[in-house]
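Thanks for making the time this morning. I would like to take you through one structure, and I will try to be careful about what can and cannot be said from it.

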Amino acid sequence: MDSRLLGLVLVFAPLSLFSFGGGQAIIADMQVQVVNQGWLTPQQFAELFALSRAAPGPSTLIAALIGWQVAGFAGALVGTLSIYVPSSIVMYGAVRWWQSRGDSPWRAALQRGLAPVAMGLVFAGALTVLQAAQVSALQLVTTFVALGFLVFTKVGPYPLMIVAAIVFVALQYV
Amino acid sequence: MTSEPSARAPHVSLSTLLSVFFRVGLASFGGSTAAFLYREVVKTRGWMSEEEFLAALTLSQVMPGANPVNMSLFVGSHLRGGIGGFVAAFGLVGPPFVVILILGGLYARYGGVMAVQAVLAGAVAIGVAMVLQLGTQLARGIKRIVPALIAAAIFVAVGVLNWPMIPIVIVLAPISVGVELWMQAKGRNG
């Protein structure tokens, strides 16, 4: 195996296994290691992280961008697999365990008890995105106008995305 | 370890599973994967109950791994066993993988392209609105004081104070489940 690809595996696979709570838990460690390897400067890392948060999909897809920098398309593929496969194997085991429990009063209580936990985390996640330094006043206003449409009308998210894209691009040229 | 789908799951073809997760993956700006999945999996298609979905969401957040990928593994294997989990995770990550490489290429060649940045910024704003809509919908389902307090405590600790999530969940989730077990026992006896 190409030593650059092996390097990507050695950096990302352990991070994958320690990403308890999701991708944000390992971003700081990832930056330290990627910079120490000499793959990126801290400034480049920050730029790629901003890009991965603006793009669709999990922000851990920054692993694809780093892999690309290190070893082109093969690097992007190896980086992505290394960040997702190890944690996915663990998660799959947890899912099988969960599903093997079957229906029981205990499981019903577990589901009802976890619902408010999930709800608290959903709001916390939205707040974290809104607190990010790059969020503009225009985005904040758009979020709450869109929320109004989603809650009080039958308009779905896809038309709203198209309208937001047109408005945001138009405002660039006003 | 078996690779069978859950007994309660409706039959869903792998191609339907793939197309749903493709669409969710491409739409999930601003950390909104759970919100788009809720819309597709619970509201539109009825593949899972709301309670099952929320338990899956909590498990996905606590376990190692990106939450959207963990969620796909859960929903996919709930519906179609191991192969379903793989198809769902592949569908979710594949399109954004291609998109981010294209964006990275544009960024490397031209720096920030204003129009592209504007489209992405707009999409992120809608994504956050989707997450907030999911939150308000879930909030309406909470009728009792203890679950409301648990949800509020987690929001304040993790969202406002930025305390580490795992210890918070490890303390509050058992309390929440314990209260439900106690209510259940009380309901049976009285």
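I will begin with the second chain, go on to the contact between the two chains, and finish with two individual residues.

Please keep in mind throughout that this is a predicted model, and that every value I quote has been computed from it.

Let me start with chain B as a whole. Chain B contains 7 helices and 0 strands, so that reading from the N terminus you meet α-α-α-α-α-α-α. Its C-alpha atoms fill a box of roughly 70 × 40 × 30 Å when the box is taken along the principal axes. Chain B has 190 residues, of which 52% count as buried. If we take the contacts in chain B with a separation of 6 or more, 61% of them join residues that are 24 or more positions apart.

Chain B is also divided into two domains, with domain 1 covering residues 1-141 and domain 2 covering residues 144-190. The C-alpha centres of domain 1 and domain 2 of chain B lie 25 Å apart.

Within chain B, I would like to show you one helix pair, namely helix H2, residues 33-44, and H4(B), whose axes come within 10 Å and cross at roughly 20°. An angle under 35 degrees counts as roughly parallel, and that makes H2(B) roughly parallel to H4(B). The crossing of these two helices, H2(B) and H4(B), is right-handed. On the H2(B) side the contact is made by B:Thr33, B:Ala34, B:Leu37 and B:Val41, and on the H4(B) side by B:Pro68, B:Met71 and B:Val75. Sorted by class, the residues in this contact of H2(B) with H4(B) are 6 nonpolar and 1 polar, with no charged residue.

Now to the contact between the chains. How many residues does each chain bring to it? Chain A contributes 73 residues and chain B contributes 86 residues. On the side of chain A that touches chain B, at least two residues each come from helix H1 (3-17), helix H3 (42-54), helix H4 (62-100), helix H5 (105-131), helix H6 (137-152) and helix H7 (157-172) of chain A. The helix that gives the most to this side of chain A is H5(A), with 23 residues. By class, this side of chain A has 49 nonpolar, 22 polar and 2 charged residues.

Two helix pairs across this contact can be described in more detail. The first to mention is H4(A) with helix H4 of chain B, residues 67-110, where the axes come within 11 Å and cross at roughly 160°. Since angles over 145 degrees count as roughly antiparallel, H4(A) and H4(B) are therefore roughly antiparallel to each other. Their crossing, that of H4(A) and H4(B), is right-handed, and their contact has 16 nonpolar and 8 polar residues, with no charged residues.

The other pair is H7(A) with helix H5 of chain B, residues 114-141, which pack at an angle of about 140° with their axes 8 Å apart. That angle makes H7(A) oblique to H5(B), and the crossing of H7(A) and H5(B) is right-handed. Among the residues that make this contact are A:Leu160, A:Ala164 and A:Phe168 of H7(A), together with B:Ala118, B:Gly122 and B:Ile126 of H5(B). The whole contact of H7(A) with H5(B) divides into 17 nonpolar and 2 polar residues, again with no charged ones.

Finally, the two individual residues. B:Val169 lies in helix H7 of chain B, residues 165-189. Is B:Val169 buried or exposed? With 24 other C-beta atoms within 10 Å, B:Val169 is buried, the cut-off for that class being 20 or more. Leaving aside residues up to four places away in sequence, B:Val169 touches A:Val117 and B:Val62. By way of a distance, the C-alpha atoms of B:Val169 and B:Arg144, which are 25 residues apart along the chain, are separated by 20 Å.

The other residue is B:Asn162, which sits in the loop between helix H6 (145-160) and H7 of chain B. B:Asn162 has a positive phi of about 55°, although it is not a glycine. B:Asn162 has 12 other C-beta atoms within 10 Å and is exposed, since 12 or fewer is the limit for that class.

That is where I will stop, and I am glad to go back to any of these contacts.

How values were computed
Residues are numbered from 1 along each chain as its sequence is written. Chains are lettered from A and ligands numbered from 1 in the order in which they are written. This is a predicted model: local features need pLDDT of at least 70, side-chain atom pairs count only at pLDDT 80 or more; totals for chains, interfaces and linings use all residues. Helices (H or I, at least four residues) and strands (E, at least two) are DSSP runs, numbered from the N terminus. Two residues are in contact if their C-beta atoms, placed from the backbone, lie within 7 Å. Ala, Val, Leu, Ile, Met, Phe, Trp, Tyr, Cys and Pro count as nonpolar, Asp, Glu, Lys and Arg as charged, and the others, Gly among them, as polar. Axes are lines fitted to C-alpha atoms, for helices over the stretch in contact, and angles run from 0 to 180 degrees between N-to-C directions. Angles under 35 degrees count as roughly parallel, over 145 as roughly antiparallel, 65 to 115 as roughly perpendicular and the rest as oblique. A crossing is left-handed if the near helix is turned anticlockwise from the far one by less than a right angle, and right-handed if clockwise. Domain bounds come from an automatic or database domain assignment.
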